[in-house]
Amino acid sequence: MKHFVLTLAALAAGTIDTAAAVQAAIARHDFHVTTEDGLRLCVRELHAAGGDQHAQPVILIHGARVPGIASFDLAVPDGSLAADLALRTGRPIYVMDARGYGCSQRPAEFEQPPEANRPAVHAHEVARDIAAVVAAVTQRSDTQQVALLGWATGGMWAAYYAAQHPERVGHLVTLNAIYGGSDRHPQLGPGSPNSDPGHPDRINPKIGAYARNDAGSLLPGWDRSIPIADKAAWRDPALVAAYQKAALDSDAQSSSQNPPAFRAPMGAIEDSFYQAGGRRLFDAASITARVLVIRCEHDFWSRPEDVQAFAHDAVRAASLRVVALEGATHYVHLDRPERGRDALLREVVAFLAE
């Protein structure tokens, strides 16, 4: 543990280059797991030199569009939430790709044009994916429980799994996640562009199994949520470029499009559409983990009502803490440290130490 402690001390004192230290102090290992229904998933393990490989592992779960590595482990300063958590907690950190995302196996619907099938990859299927990763990482660490941290739709997926398998989750962090707390949403639910024109409370049947996303499509929502004109003062342009590149590189078919575009399943959008309309896909009352619910002030995905509803329902949680990150955006873990990222890390690290 001595090397781990010295590294943290040097980072805190500013006596070494932070980005170089993070890379040097972290070991990475990529492997695969197979789900109960036979799909092959990609997982990345990160652990800090001197960390405790038998500590409760932490699994990071991406959101609806961009897969795990692009979301949580970019090789630029302040681009790897996974590495920072490994350094600050000493725990093994795992980044997974759900089916249909990144280098994980894509469902059969992806072999056809998107319009040939209804939206693919829903919450109950991602729960199977999480179950497969949980089984693998608890075996590797010889532990009985994991900690889950999910961003946006990943937060909903993590909580969904924690409600199904409460005995397997010791800590749960949801970051900007929807929970059916209101029947009004500015961009997702009934009456939005995703609605069926004939039945506004239903999703449009023309939405296909997956959608293609180019690099430019990743920025408008982020841009709008940053409350200053100078976006570079809020987020590092080098990180943005790395984020876009990693998202495109996550799909071998990206380069076949002009402009290049990666595929993302639309099942997450269908699930989110109904939660944005006030329906709940699971009951938080089944969760027994310690729970940290984080919502950012400038988040465009979740709503204050989602936090309130989740907190109301989570009556069996071992503990429950709700944090509102003032001034932060939906992409807080990718923003500059002073724009909420440092505050996020402090909250999560302190929570995991409970």
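The legends below describe close-up views of a predicted model.

**View 1. The largest pocket and the residues around its centre.** The pocket holds about 550 Å³ of space. Its lining consists of 26 residues. Nearest the centre lie Arg-65, Gln-187, Ile-269, Phe-300 and Trp-301.

**View 2. Make-up of the lining of the largest pocket.** Of the lining residues, 15 are nonpolar, 9 are polar and 2 are charged. At least two residues of the lining come from each of β9 (210-214), α7 (220-225) and β10 (261-265).

**View 3. The salt bridge between Arg-44 and Asp-30.** The two side chains meet at 2.8 Å, N to O. Arg-44 belongs to strand β2 (residues 40-48) and Asp-30 to strand β1 (residues 26-34), and the pair, 14 residues apart, links distant parts of the chain. Arg-44 counts as buried because its relative accessibility is 18%, under the 20% limit. Asp-30, in contrast, is partly exposed, with a relative accessible area of 48%. The whole structure contains 21 salt bridges, and the Arg-44 to Asp-30 pair is a salt bridge.

**View 4. The salt bridge between Arg-128 and Asp-37.** The distance between the side chains is 2.9 Å, N to O. Arg-128 lies in helix α5 (residues 123-141) and Asp-37 in the loop between β1 and β2, so the salt bridge ties together parts that are 91 residues apart in sequence. Both partners fall in the partly exposed class: Arg-128 has a relative accessible area of 27%, and Asp-37 has one of 34%.

**View 5. The salt bridge between Asp-129 and Arg-99.** The side chains of Asp-129 and Arg-99 meet at 2.8 Å, N to O. Asp-129 is part of helix α5, while Arg-99 sits in the loop between β4 (93-96) and α5. The two residues are 30 apart in the chain, and their pair links distant parts of it. Asp-129 and Arg-99 are both buried.

**View 6. A network of salt bridges that includes Arg-128 and Asp-129.** The members are Glu-36, Asp-37, Arg-99, Arg-128 and Asp-129. Among the links shown in the preceding views are the salt bridge of Arg-128 with Asp-37 and that of Asp-129 with Arg-99. Helix α5 carries Arg-128 and also Asp-129. The network joins buried residues, Asp-129 and Arg-99, to the partly exposed Arg-128 and Asp-37.

How values were computed
Residues numbered from 1 in each chain as written. Predicted model: local features only at pLDDT ≥ 70, side-chain atom pairs only at ≥ 80, totals over all residues. Heavy atoms only, no water. 1 Å grid on protein atoms, 1.4 Å probe; cavity = no way out; pocket = protein on both sides within 12 Å on 5 of 7 lines; lining within 4 Å. Points joined across faces, edges and corners; volume = space filled by probe spheres on them. Helix = DSSP H or I, 4+ residues; strand = E, 2+ residues; numbered from the N terminus. Nonpolar A, V, L, I, M, F, W, Y, C, P; charged D, E, K, R; others polar. Salt bridge = Lys/Arg side-chain N within 4 Å of Asp/Glu carboxyl O. Buried < 20%, exposed > 50% of the residue type's maximum accessible area, 1.4 Å probe, protein only.
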